[in-house]
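Work through the exercises below with the model open. Try each task before reading its solution.

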Amino acid sequence: AQLLGAELYNKLIEYLEKHLENIKLEAGQFVDEGLIKYYIRSWNRYTTGARYLNHIFEYLNRHWVKRERDEGRRTVYDVNTLCLVKWRSVFFDSIQSNLMTAVLKLIEKQRNGESIENTDIKNVVGSFVNLGLDEHDSRKVSLSVYKTYFEGPFITSTEAYYKDESKRFVAENSVVDYMKKAEVRLQEEAGRVQLYLHQSTEKILMRTCETVLIYDHADLLRDEFQNLLETNRQEDLKRMFSLLSRIQNGLEPLRGKFETHVRKQGLAAIEKLANEAGENLDPKAYADALLEVYRQYAHLVQYAFNDDTDFVKSLDNACREFINRNKVCSQSSSKSPELLAKYSDALLKKSGKSAEDSDLDAKLNDIMTIFKYIDDKDVFQKFYTRMLSRRLVHGTSTSDDAESSMISKLKEACGHEYTSKLQRMFQDMNVSQDLQIQFREAMAKNLDPSELTIDFTILVLGTNFWPLTPINTTFNLPDELVKTFERFQSFYQSKHSGRKLTWLWQLSKGELKANYPKSSNKVGYTFQVSTFQMAILLPYNNGDTYSYEQLQQITALNKEYLVGSLSILVKARVLLLEGSGEVGDPGTKYTLNMDFKNKKIRVNLNVPLRSEQKQETETTHKTIEEDRKMLMQSAIVRIMKARKVLKHVVLVQETIAQIKSRFTPKVPEIKKCIDFLIEKEYLERIDGDRYSYLA
C-alpha cells in the first residue's frame, strides 16, 4: 500500500503538471481582458475538476496522505490542495504579472468612468485568495498570495493614479471643486472594496487614498478655510471637516482659525451695537447680539463640524472672550453680567408684552447660554438678587413659576450656595403672607370696623437675605398712617420680642383716591404713589398751596428725595409750580391742580428716580468689591489652615482655583488680601516668599 500510494500520488502530479502546461501554452494567445476571461474560465474548470479528483482519491487522502503528513512530510498534500499548489507553481507564477497588468488596466478604466464587469475582477481576486495556502494546515487559507501579487501592485497603481489626477485637477479647478472630487473618489474606493476586493485591503487602500488626496493637499485646503468661514459656506465647511478629519492632526490648524474668526465676529457685532446705541444700550439688544453670533457658530459646529469636542471648545473660548472683553466691557468687565441681569429682570417683570410660558422658558434658556460664559458670575448674582427683590416687593413678577424656573437653572449651573439667598427670599414672602393674615385677624378681633379705614399690606424681610438698606434721610409718616404703623409695631413685637423692625420707606407705596378732579367717566382718579409722594399730597386735604419750606417741614425729607418726589408730581401736573423758579428752589410754591386731566383713571406716579437708579448701581458695585475681598480672604485662610506653610506662588494659584467659578481674581488683589491677613495676624511671612498660618 505504501508503494502504490506513492506511485499513484506521483502519477497524479505528472498528470496535473502536463495539463497545466497545456493551459499555460494556450494562455499565451490572450492579453488584457481576453487573458482575464481565459484565466477565470480555466480557473473555474480546473477547481471544479480538482473537487472531483479529491472525491475520487478520498481513500488516498485518508490513509497514505495522512500518514505521510503525520510523519512530517509537509510537501505531501491532500489532492485538492495539491491541485492548487500545482496551479500556482506551474501556471500562476508564470502568468501572474501579465494577469495583474490586465486587472489594473480594467480597474483604471472603471476609475475613468467606463463600465466594466465587476465579477471578472472579483473572480480573479477570489483565485488569489484561494491560492494562499498554509503549509502547516492545508485547511486554513492564507492571504500571502493575495497580499503579494494583488494588493501590493494594486495599492502602488492606486497611489500613482491619484497623485497624477489630483495634481492635474488642483491646477485646473478651485479648492471647493477639488474637495468634491476627493470626496467622490474616497466613496468610490470604499465601494470598490465591497464590490470585488478582500476586506483586509480596505484599511491600507483608504489610508493610501487619504494620504494622496488629502494629506498631500492639506495646506491648500486649510488656506481656503478662512474664506469659507467668511462666506458661511456650511456645506463646503462640512466637506472640508470630513476630509481633514481623516488624517492625523488634519483639523488642528483649523480650530485656532475658527476660534479667532468667531471672536472677531462677536467683538465686531458688539462694537457696532455700542456705536449705534451709545450710552443708552438696551440689555435685550445686547443679549440678542451675543446670542446671534453664538447661535450662528453653534449651528455651524453642530452641522459642519459634527459637534467635534475641540471645535466646541474653540467656540466656548471665543464666546467667553467676546462676551467678557468687548467694547461695552472696556470700562468695566462687570458690564456683561450687569446687562444680562437687567435683561432677565425685563423678562421676568410684568408688562403688556409678557411672553408666553414656552417663549419665556426659551428666553431664560438663552440667558443661561450667555451666563455660562460670564466670568464674573458674582456680579450677575448681585444685580439679579437686587432686581428680584424689587420684583417681589413691588409684586411685579410675571409668575412664581417663571421665577422658580430661573432660580433652578442658576442652581443647576452654579450650585446650591449661589441661589440659597434667592430661595430664602421666597420663603420670607410666604412667611409675610401668613403674618399679614394673622395681623388682620388680630385687628378685626380687637378693633371696631370703623377704625380699620386703611387697607394695609406688609412685608417683613430678613436683613441677611435681602439686598435692601434704609436710605439716608429723615421722614415724618403722614398722620393718617401713624395709627396703623403703631398697631403693627405692637403686634410684631408681641410675637417677636427680640427682633428690630427697620422700615424702608423708599420702597413703600400706596394709593390715593382723588375726588376733586373728575375723569371723562365722571369717576375720580386713583393716584399710585410712593410713601414720600403720599406725605406730600395728603396735606392738600387741608390747603391748596404749600411752599417748598412748608412741605420740607411736614415731610422732614432731605432735599434730594423731596425734590425728586416733587418733580414727578409737577411733571405729571398733579401739582402746579407757581412762578418761574425750578422745583426745590427756596420760596417756590406748589398748588394742587384742580383741573387735572389724564387718559387713565389709575395714574402711576411712583416712578423711580434716575439718581436712585444710579446710586443703586454704584452701591451694588461697592458691595461686589467688598464681597470679593471677603471671599478671597476666607479662601486664603481655608487654604493656609489646611496646608500650614505655603509658597506665595502656590497660595495664589490655589486661591484662584478655589474661587474662579464665581469670578477670576487678579494677582495684585490677592496680594493685598494676603497683606491684610498678615496685618491682622492670621498669617506670617517667612523666608521672603513663604507664609505660615497662625493658629
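**Exercise 1. A helix and its surroundings**

Task: Decide whether helix H16 is largely enclosed or not, and check its span.

Solution: Start with burial. 15 of the 18 residues of H16 are buried (under 20% relative accessible area, exposed being over 50% and partly exposed in between, with a 1.4 Å probe and protein chains only). H16 is therefore largely enclosed by the rest of the structure. Helices (H or I, at least four residues) and strands (E, at least two) are DSSP runs, numbered from the N terminus. Now the span. H16 covers residues 377-394 and reaches 26 Å from its first C-alpha to its last. That is close to the expected 26 Å, where expected means 1.5 Å times one less than the number of residues. Finish at the end of the helix: Gly 395, just after H16, has a positive phi of about 65 degrees.

A note on the source: this is a predicted model, in which local features need pLDDT of at least 70 and side-chain atom pairs count only at pLDDT 80 or more, while totals for chains, interfaces and linings use all residues. Residues are numbered from 1 along each chain as its sequence is written, and side-chain values use heavy atoms, with hydrogens and water left out.

**Exercise 2. The largest nonpolar core**

Task: Find which residues touch the most other members of the largest nonpolar core, and where the core lies.

Solution: The core has 144 residues. A nonpolar core is a set of buried Ala, Val, Leu, Ile, Met, Phe, Trp, Tyr and Cys residues joined through side-chain atoms within 4.5 Å. Trp 87, Phe 150, Phe 258 and Phe 305 touch the most other members. Helix H4 (residues 79-111) gives the largest share, 17 residues. Domain 1 (1-141) and domain 2 (335-495) both contribute, so the core lies between them. The domain bounds come from an automatic or database domain assignment.

**Exercise 3. The open sheet**

Task: Give the strand order of the three-stranded sheet, then place the helices across it.

Solution: The order is S7-S9-S8, with antiparallel pairing. Two strands pair if DSSP finds at least two bridges between them. S7 (645-647) and S8 (683-686) are the edge strands, each pairing on one side only. S8 and S9 (residues 690-693) pair over four bridges. Glu 684 stands opposite Ser 692 in S9. Next, the helices. H24 (residues 648-659) lies across S7 and S9, at about 95 degrees to S7. H25 (residues 667-679) lies across S8 and S9, at about 105 degrees to S8. Axes are lines fitted to C-alpha atoms, for helices over the stretch in contact (heavy atoms within 4.5 Å), and angles run from 0 to 180 degrees between N-to-C directions.
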